[in-house]
Amino acid sequence: MAEKQKVILTNMCMIYDDEGRILVQNRLAKDWGGVTFPGGHVEKDESFYESVIREVKEETGLDIECPQICGIKNWHVKRDVRYIVLFYKTNRFSGEIRSSEEGEVFWIKPEELKNYKLASDFDEMYEIFANDELQEMQWIKENGEWVKRIF
């Protein structure tokens, strides 16, 4: 096995408030549409920390502070290319929410997630955001089938 591999780095952030609500985005993308958390790609030479702050601002209008890493999702999009999503969460934010071209953003209670069309595997990803004992979701191919592993 090769020691090096290419990576695609992205982030996602769960913003929550004192009323027990979470901020979600109804993504319009055809390849991964539905309700999820805001986030996006880490740009060249950008820190992971700065990237999640920038992405949240671009997609929600909010300025977040102290985002904490709370998990990771990863899978191989090609034999030697791994896609990594760093999960963050924070309850420190300011500003007013505004939707972007990525999709509408709005506050909901976590139990309301079941009432929406969720982005693919977002319900399983949410488990990692919400449960401090879970840290990683990995998709691997076994015998030609995708298998999810949660740690």
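A salt bridge is a side-chain nitrogen of Lys or Arg within 4 Å of a carboxyl oxygen of Asp or Glu. Keep that in mind as we walk through this predicted model, where Glu43, Glu46, Arg54, Glu55 and Glu58 are linked in a network of such bridges.

## Salt bridges

Let us begin with charges. Side chains of opposite charge can pair when their charged atoms come close. How many salt bridges does a search of the whole structure find? The search finds 13. The table shows some of them, with the distance between nitrogen and oxygen.

| Pair | N to O distance |
|---|---|
| Asp17 and Arg21 | 2.6 Å |
| Asp121 and Lys73 | 2.9 Å |
| Arg54 and Glu55 | 3.1 Å |

Now look at how these partners sit in the fold. A residue counts as buried when its relative accessible area is under 20%. Asp17 is buried because its relative accessible area, 12%, falls under that limit. Its partner Arg21 is partly exposed, at 25%.

In the pair from helix α1, Arg54 is buried with a relative accessible area of 17%, and Glu55 is buried as well, at 8%. Both residues also belong to the network that includes Glu43, Glu46 and Glu58.

The side chains of Asp121 and Lys73 meet in a salt bridge too. Asp121 lies in the loop between β9 and α2 (122–130), while Lys73 belongs to strand β6 (residues 68–78), so this pair ties together parts that are 48 residues apart in sequence. Asp121 is buried, with a relative accessible area of 12%, and Lys73 is buried at 6%.

## Helix α1 and what covers it

Next, find helix α1, which runs over residues 48–60. How far apart should its ends be? At 1.5 Å a residue, the 13 residues should span 18 Å, and the end C-alpha atoms are indeed 18 Å apart, so expectation and model agree. If you try the sum yourself, remember that the expected span is 1.5 Å times one less than the number of residues.

Several residues of this helix are buried: Ser51, Val52, Arg54, Glu55, Val56, Glu59 and Thr60. What covers them? The cover includes the strands β1 (6–15), β2 (22–27), β4 (39–41), β5 (63–64), β7 (81–90) and β9 (103–108). After the helix comes Gly61, whose phi is positive, near 85 degrees.

## Asn11 meets Ser51

One contact lets us see how helix and strand come together. Asn11 is found in strand β1, and Ser51 is found in helix α1. Their side chains make a polar contact at 2.9 Å.

Are these two residues buried or exposed? Asn11 is buried, with a relative accessible area of 3%, and Ser51 is buried at 0%.

Ser51 has another polar partner to look for: a polar atom of its side chain lies 2.7 Å from the backbone oxygen of Phe48. Leaving aside neighbours within four places in sequence, Ser51 is in contact with Asn11, His41, Val42 and Glu46. Glu46 appeared earlier as a member of the salt-bridge network.

Asn11 has its own list of contacts, again not counting residues up to four places away in sequence. Among them are Pro38, Gly39, Gly40 and Val42, the helix residues Ser51, Val52 and Glu55, and also Val85, Leu86 and Tyr88.

## A sheet of three strands

Turn now to the strands. Which strands form the open sheet, and in what order? Three strands take part in the order β3-β2-β9, and the pairing is antiparallel. The edge strands are β3 (34–36) and β9, each of which pairs on one side only. Neighbouring strands of this sheet are turned by 30 degrees against each other on average, direction ignored.

You can follow one of these pairings by eye. β2 and β3 pair in the antiparallel sense over three bridges. Within this part of the model, Gln25 stands opposite Thr36 in β3.

## A last stop in helix α2

Finally, look for Asp123 in helix α2. Asp123 is partly exposed, with a relative accessible area of 45%. How far is Asp123 from Leu113 in space? The two are ten residues apart in sequence, and their C-alpha atoms are 8.0 Å apart.

Definitions and conventions: Residues numbered from 1 in each chain as written. Predicted model: local features only at pLDDT ≥ 70, side-chain atom pairs only at ≥ 80, totals over all residues. Heavy atoms only, no water. Helix = DSSP H or I, 4+ residues; strand = E, 2+ residues; numbered from the N terminus. Buried < 20%, exposed > 50% of the residue type's maximum accessible area, 1.4 Å probe, protein only. Contact = heavy atoms within 4.5 Å. Pairing = 2+ DSSP bridges. Axes fitted to C-alpha atoms, helices over the stretch in contact; angles between N-to-C directions. Polar contact = N/O pair within 3.5 Å; in protein donor to acceptor, adjacent residues only side chain to side chain.
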